[in-house]
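Q: I should like to go through the structural terms applied to this protein and see how each label follows from its definition. Could the structure be shown before we begin?

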Amino acid sequence: MTDSPPTVSIEARLAERAAPSKPVVMYQRWEELLFLHWPILPELVAKDLPPGLRVDTFDDQAWMGVVPFSMRKVRPRFLPALPGLSDFPELNLRTYVVDSQGRPGVWFYSLDTPKQLPNWIARTFFHLNYRRARMQLAEVGERRMYHSELWTESGWDALQRYEWARTGAPCFAEPGSLDFFLVERYRLFAYDTFRKRLLTGKVHHEPYSIQSARVSNYSRRLFSTNGLPCPEDAPSSALASKGVDVRIYPMEVV
């Protein structure tokens, strides 16, 4: 018999917004985010999670998110942002989890960027599955165009295209809503396979100002490259945000 999915109170989710008292280790800005989400059976997610994590659900469904965006002004605490190194696109596949202490957060299946040094740092010190990809960004008026090709052992993978525009009035996600569940996340989890230990880290930023996303092109290829069944339907949720300034805190053992 498997454990039933944990229930996390609104108060516990809101508490994650609080900035930790620990020193910041990195500063970043996340810009022009697209959040595409699909419901998925919780048992499909549960089989991929490390010990110490359980699936976080909304209306008894797990959720998978494809998130393309731009990283800007990435820098360690005591160093300035560096031209050619501190700005780059990222594309990730993520789901939502709860640890044994009842803390909700994000579990990343993969995070793709074109920068080898930041990828190495994130894999080595944050134990996240960063992968090499070549990417192109463009803007035409209010439309954002985002192309990504993952590097594999056999060469460059199939081209992924994402094109969208923010539309409608900006707003903040209402606590208890699906939008809040999907975007208001301030904790990540990672697994150190060498030492066999679960890690967690906090991020802090102002709540996302979100808008509806008018999506003219999207890809589901990230599911396949992570060994997951590809959803047949269009995303159930499509949101966008202009961006937030972010503080990154140290990883610690759960």
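Q: Why does Arg131 count as buried, partly exposed or exposed?

A: Arg131 counts as buried because its relative accessibility is 12%, and buried means under 20% relative accessible area, exposed over 50%, and partly exposed in between, with a 1.4 Å probe and protein chains only. This is a predicted model, in which local features need pLDDT of at least 70 and side-chain atom pairs count only at pLDDT 80 or more, while totals for chains, interfaces and linings use all residues. Residues are numbered from 1 along each chain as its sequence is written, and side-chain values use heavy atoms, with hydrogens and water left out.

Q: Where is Arg131 placed, and what is Arg131 in contact with?

A: Arg131 is in strand β6; helices (H or I, at least four residues) and strands (E, at least two) are DSSP runs numbered from the N terminus. Leaving aside neighbours within four places in sequence, the contacts of Arg131 include Ser110, Asp112, Asn119, Leu150, Leu222 and Asn226. Contact here means heavy atoms within 4.5 Å.

Q: What makes Phe88 buried or exposed, and what does Phe88 touch?

A: Phe88 counts as buried because its relative accessibility is 3%, which lies under the 20% limit. Phe88 belongs to strand β4 and touches Ser70, Met71, Val74, Thr113, Pro114, Lys115 and Pro118, not counting residues up to four places away in sequence. The C-alpha atoms of Phe88 and Leu137 are separated by 9.5 Å, although the two are 49 residues apart along the chain.

Q: Why is Phe125 called buried or exposed, and which patch includes Phe125?

A: Phe125 counts as exposed because its relative accessibility is 53%, and exposed begins over 50%. Phe125 lies in helix α3, residues 116–125. Together with Leu117, Trp120 and Ile121, Phe125 forms a nonpolar patch on the surface with about 400 Å² of accessible area. Patches are made of residues with over 30% relative accessible area and no salt bridge, like charges being joined within 9 Å and nonpolar side chains (Val, Leu, Ile, Met, Phe, Trp, Tyr) within 5 Å. Accessible areas come from the Shrake-Rupley method with a 1.4 Å probe, and for residues only the protein chains shown count as cover.

Q: What makes a set of residues a nonpolar core, and which members of the largest one touch the most others?

A: A nonpolar core is a set of buried Ala, Val, Leu, Ile, Met, Phe, Trp, Tyr and Cys residues joined through side-chain atoms within 4.5 Å. The largest core has 35 residues, of which Trp30, Leu33, Phe35, Leu128, Val183, Tyr208 and Ile248 touch the most other members. The largest share of this core, five residues, comes from β3. A second, separate core of 28 residues includes Leu36, Leu53, Met64 and Val97.

Q: How do you know that Arg13 and Asp56 form a salt bridge?

A: Their side chains meet at 2.9 Å, N to O; a salt bridge is a side-chain nitrogen of Lys or Arg within 4 Å of a carboxyl oxygen of Asp or Glu. Arg13 lies in helix α1 (residues 10–15) and Asp56 in the loop between β2 and β3, so the pair ties together parts that are 43 residues apart in sequence. Both Arg13 and Asp56 are buried. The structure holds 19 salt bridges.

Q: Which residues does the salt bridge of Glu31 join, and why is Glu31 called partly exposed?

A: The side chains of Glu31 and Arg72 meet at 3.5 Å, N to O, in a salt bridge. The pair links distant parts of the chain, with Glu31 in strand β1 and Arg72 in strand β3, 41 residues apart. Glu31 counts as partly exposed because its relative accessibility is 25%, and Arg72 is partly exposed at 28%.

Q: What is notable about phi of Asp59?

A: Phi of Asp59 is near 55 degrees, a positive value in a residue other than glycine. Most residues other than glycine have a negative phi. Asp59 lies in the loop between β2 (53–55) and β3 and is exposed, with a relative accessible area of 63%.

Q: How do you know that the radius of gyration agrees with a compact globule?

A: With 254 residues, a compact globule would have a radius of gyration near 18 Å, and the protein has 17 Å, which agrees. The radius is taken over C-alpha atoms, and the globule rule is 2.2 Å times the number of residues to the power 0.38.
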